[in-house]
Amino acid sequence: MQKKLLILSFFILTFLTVFGQKKKFDVQGKAGARGIMPENTIEGMLKALDLGVTTLEMDAVISKDKQVVLSQEPYFNNEISLQPNGKPISLKDQKNFNIYKMDYEQVKKFDVGSKVHARFPGQVKFKAYKPLLSETIDAVEDYVKTHKMAKPVYSIETKTIKNGDNEFHPEPAEFVDLIMEVVNQKKIARRVIIQSFDMRTLQYLHEKYPKIQTSLLIDEKEPFEDYIEKLGFKPTIYSPYSVLVGKGLVDRCHDMGIKIIPWTVNSLKEVNYFMSLGVDGVITDFPNLMGQIKDK
């Protein structure tokens, strides 16, 4: 009888512990903290950590010498880039500055931190370069260890489209393998999410690296169930453009055991709204917004 009571007490305690805990809200800093610091830079990632992000969202492209580089586009965007000689890059010419056609030593010479960003005029400005994924991980891991911070999750987006294969990037299998080579070398696989609009990269990842978390990025209004059917498996996260998210979609994701994290949520009003819907996190250019919520 005493043994049965002990077992019953154990299960009750476990139940209360699990269900009494507040669900952890995942704050993902877009490209680090893009609204505050130059995007996809080491400095931006460290600033995001200081602001309390739980996940560092970043974008990956591939250089000619097969290095994994942080960049929003597979070329030097005219909005943020200056050539090695300091000259600007025009909108018309930006795709000619194709990172996949440059060795990384050449890529590193471009300045992506000094030019005023028209959409984010409040960014801190300084000379910066596009870093390697490997050196970014090293810098982040050293920073959190030195400052006794919680280790973050890395959400790495594969910047691929079908029409870009072998022109702006390798085909999906090679692209994913190059990222996973870095991830496995740095021994962070348990803290990595691979995200993409391109289902091909997620399908390959799911087949070859089934233990890695996945996030399906969505920017068009089609039925949730159709996207999941096309993908062919349940991703860890469903990540739609924020205007596509309502309570019904949140509930359908949760009913299937899939987390939902909308992008890009950039105002206090929006953050509060999506939290009220029960989303599992947000991707934001301004992770400092979360501090304002805590202060309320």
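Leaving aside its neighbours within four places in sequence, which residues is D65 in contact with? In this predicted model, D65 is in contact with M102, D103 and Y104 once those sequence neighbours are set aside. The surroundings of this aspartate are described further below, after an account of the chain as a whole.

The chain contains ten helices and nine strands. Its radius of gyration is 20 Å, close to the 19 Å that the globule rule gives for 296 residues, so the chain is as compact as a globular protein of that length. Taken along the principal axes, the C-alpha atoms fill a box of roughly 80 × 40 × 40 Å. Of the 296 residues, 52% are buried. Among contacts with a separation of 6 or more, 59% are accounted for by residues 24 or more positions apart.

The surface and the charges may be considered next. The accessible surface of the chain comes to about 15200 Å², and carbon and sulfur atoms contribute 55% of that area. Positive side chains number 42 and negative side chains 38. The centres of these two sets lie 5 Å apart.

D65 belongs to the loop between β2 and β3, where β2 spans residues 55-62 and β3 spans residues 68-70. With a relative accessibility of 33%, D65 counts as partly exposed, because this value falls between the 20% limit for buried residues and the 50% limit for exposed ones. Two polar interactions involve its side chain. One is a polar contact with the side chain of S63, at 2.6 Å. In the other, the side chain of D65 reaches the backbone nitrogen of Y104 at 3.1 Å. Y104 also appears among the residues in contact with D65, together with M102 and D103. As for long distances, D65 and K269 are separated by 204 residues in sequence and by 44 Å in space, C-alpha to C-alpha.

K66 lies in the loop between β2 and β3 as well. What is noteworthy about the backbone here? Phi of K66 is near 65°, a positive value in a residue other than glycine. K66 is partly exposed, with a relative accessible area of 33%.

A positive phi is also found at K148, where the angle is near 55° in a residue that is again not glycine. K148 is placed in the loop between α4 (133-146) and β4 (153-158). Is this lysine buried or exposed? The relative accessible area of K148 is 76%, so K148 is classed as exposed, the cut-off being over 50%.

The loop between β3 (68-70) and α3 (104-107) holds N77. This asparagine is buried, because its relative accessible area of 9% is under the 20% cut-off. The side chain of N77 reaches the backbone nitrogen of E79 at a distance of 2.8 Å.

A further backbone feature concerns a peptide bond. The bond from W263 to T264 is cis, with omega near -25°. T264 is found in the loop between β8 (259-260) and α9 (268-277).

How values were computed. Residues are numbered from 1 along each chain as its sequence is written. This is a predicted model: local features need pLDDT of at least 70, side-chain atom pairs count only at pLDDT 80 or more; totals for chains, interfaces and linings use all residues. Side-chain values use heavy atoms; hydrogens and water are left out. Helices (H or I, at least four residues) and strands (E, at least two) are DSSP runs, numbered from the N terminus. The radius of gyration is taken over C-alpha atoms; the globule rule is 2.2 Å times the number of residues to the power 0.38. Buried means under 20% relative accessible area, exposed over 50%, partly exposed in between (1.4 Å probe, protein chains only). Contact means heavy atoms within 4.5 Å. Accessible areas come from the Shrake-Rupley method with a 1.4 Å probe; for residues, only the protein chains shown count as cover. Lys and Arg count as positive and Asp and Glu as negative; His and the chain ends are not counted. The place of a charge is taken as NZ of Lys, CZ of Arg, CG of Asp or CD of Glu. A polar contact is a pair of N or O atoms within 3.5 Å; within protein, one must be able to donate a hydrogen and the other to accept it, and residues adjacent in sequence count only if both atoms are side-chain atoms.
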